[in-house]
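Biologist: Before we use these labels, could we go through what each of them rests on?

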Amino acid sequence: MTGQSEPGRPSGRPLIGLDFGGTTIKGGVIASDGAEPICTGSAPFDQNVPSTEIYTRAAKLALELESKAGLGPAEAIGVGCAGLFNRSTGEVLASANMQNLVGTSLTDGVSKALSGRHVVIENDANVAAYGEQWLGAGLHERDLVLVTLGTGVGGGVVLEDKLFTGPGGNAGEIGHVVICQRPANSDYDAPYAKELECACGSYGCLERLVSATAVMRRAKSSGLTPDLPDLCARARETDGEERALLHQVGRDLGAGLATLITLFDVNVFAIGGGFGAALDLLKPGAEESMAERRYGTREPKIMAATLGSDAGWIGAARLSAEPS
Ligand SMILES: [Zn+2]
């Protein structure tokens, strides 16, 4: 991170962001000119307590962070959270790991616990992309796509220094970009064909080929170890089947990224998530595959995301400074 100020970005006030995760609410305070984070902290998230308790914990964390920073109250609080929301009411419509918040308004809940402070909500992957473009892999870049490789494939799109969410707020579902078609006729019921059916209702989504879960499945069906750290270690040691498999996974990732380039002409991809640690093994295949598919666009940069689990609250803090 840097203390440099970027032209056209707000400066002066401290910004506060919270990132609701499955077990932890992480938060921090940062200067609005993008200087180093002033302080960070966390509170436990628990699916088995009432939503009011979670909102009280979040508010308490925000107040503790403000007190630690010693810069007075922030004008608004930005919150990143996994799930689907009604953006006008802040209601959580669906969230796999936060069932106790579903049907409640997260923005109202946190706001009430903070004496009416303005609260802004955004999807966790989107705020992570916004944080990463601001102060991580996208520093000095106006455009960036974050791709997180974990149990699933998530991500977010930042274009011209602004988070791009689309009118319904659901843009950037990179994991569900289709990269291969359902086989015709007799192959329809083949085991490999079934494996590419996606929970979203589509077929051949990027997530079904390059998520950590998908790679474990692919390794197992090739007779290789499904233990990803072990698979990667073997691929780094020897130019054998493990490396060949991860090269192919990289090629599949590259096919998905090429589609994003075609749509957005973005040239910086930040790769994060737990399986993002295998980027050194995926990158050659991804670059090869993208080079075959690009159509008149610049040569893209594929980089490791650099902010890790801080990206979410940093992006949420940045979002809190924007008019809603
Ligand atoms: Zn899908």
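The exchange below takes up some of the labels and sets them against their definitions.

Modeller: This is a predicted model, in which local features need pLDDT of at least 70 and side-chain atom pairs count only at pLDDT 80 or more, while totals for chains, interfaces and linings use all residues. Residues are numbered from 1 along each chain as its sequence is written.

Biologist: Why is Gln133 called buried?

Modeller: A residue is buried if 20 or more other C-beta atoms, placed from the backbone, lie within 10 Å of its own, exposed if 12 or fewer, and partly exposed in between. Gln133 has 30 C-beta neighbours inside 10 Å, and therefore counts as buried. Gln133 lies in helix 3 (residues 124-135), where helices (H or I, at least four residues) and strands (E, at least two) are DSSP runs numbered from the N terminus.

Biologist: Which residues does Gln133 touch, not counting residues up to four places away in sequence?

Modeller: Two residues are in contact if their C-beta atoms, placed from the backbone, lie within 7 Å, and on that basis Gln133 touches Gly138, Glu141, Leu144 and Val158.

Biologist: What makes strand 8 largely enclosed by the rest of the structure?

Modeller: Six of the six residues of strand 8 (residues 144-149) are buried, so the label follows. Both faces are covered, with Leu144, Leu146 and Thr148 buried on one side and Val145, Val147 and Leu149 buried on the other.

Biologist: How do you know that strand 8 pairs with strand 9 and with strand 11?

Modeller: Two strands pair if DSSP finds at least two bridges between them. Strand 8 and strand 9 (residues 153-159) have six bridges in the antiparallel sense, one of the partnerships being Val145 with Val157, and a hairpin of three residues joins these strands. Strand 8 and strand 11 (residues 268-272) run parallel and are joined by four bridges; in strand 11, Ala270 is the bridge partner of Leu146 and Gly272 that of Thr148.

Biologist: Why are strand 10 and strand 12 called edge strands?

Modeller: The open sheet has five strands in the order 10-9-8-11-12, with mixed pairing. Strand 10 (162-164) and strand 12 (301-304) each pair on one side only, and are therefore its edges.

Biologist: What puts the buried residues of helix 7 on the same side?

Modeller: In helix 7 (residues 228-237), Leu231, Cys232 and Ala235 are buried. They cover an arc of only 95° around the axis, which puts them on the same side of helix 7; the arc is that of the directions from the helix axis to the C-beta atoms. The face turned away from this buried side carries the exposed residues Pro229 and Glu237.
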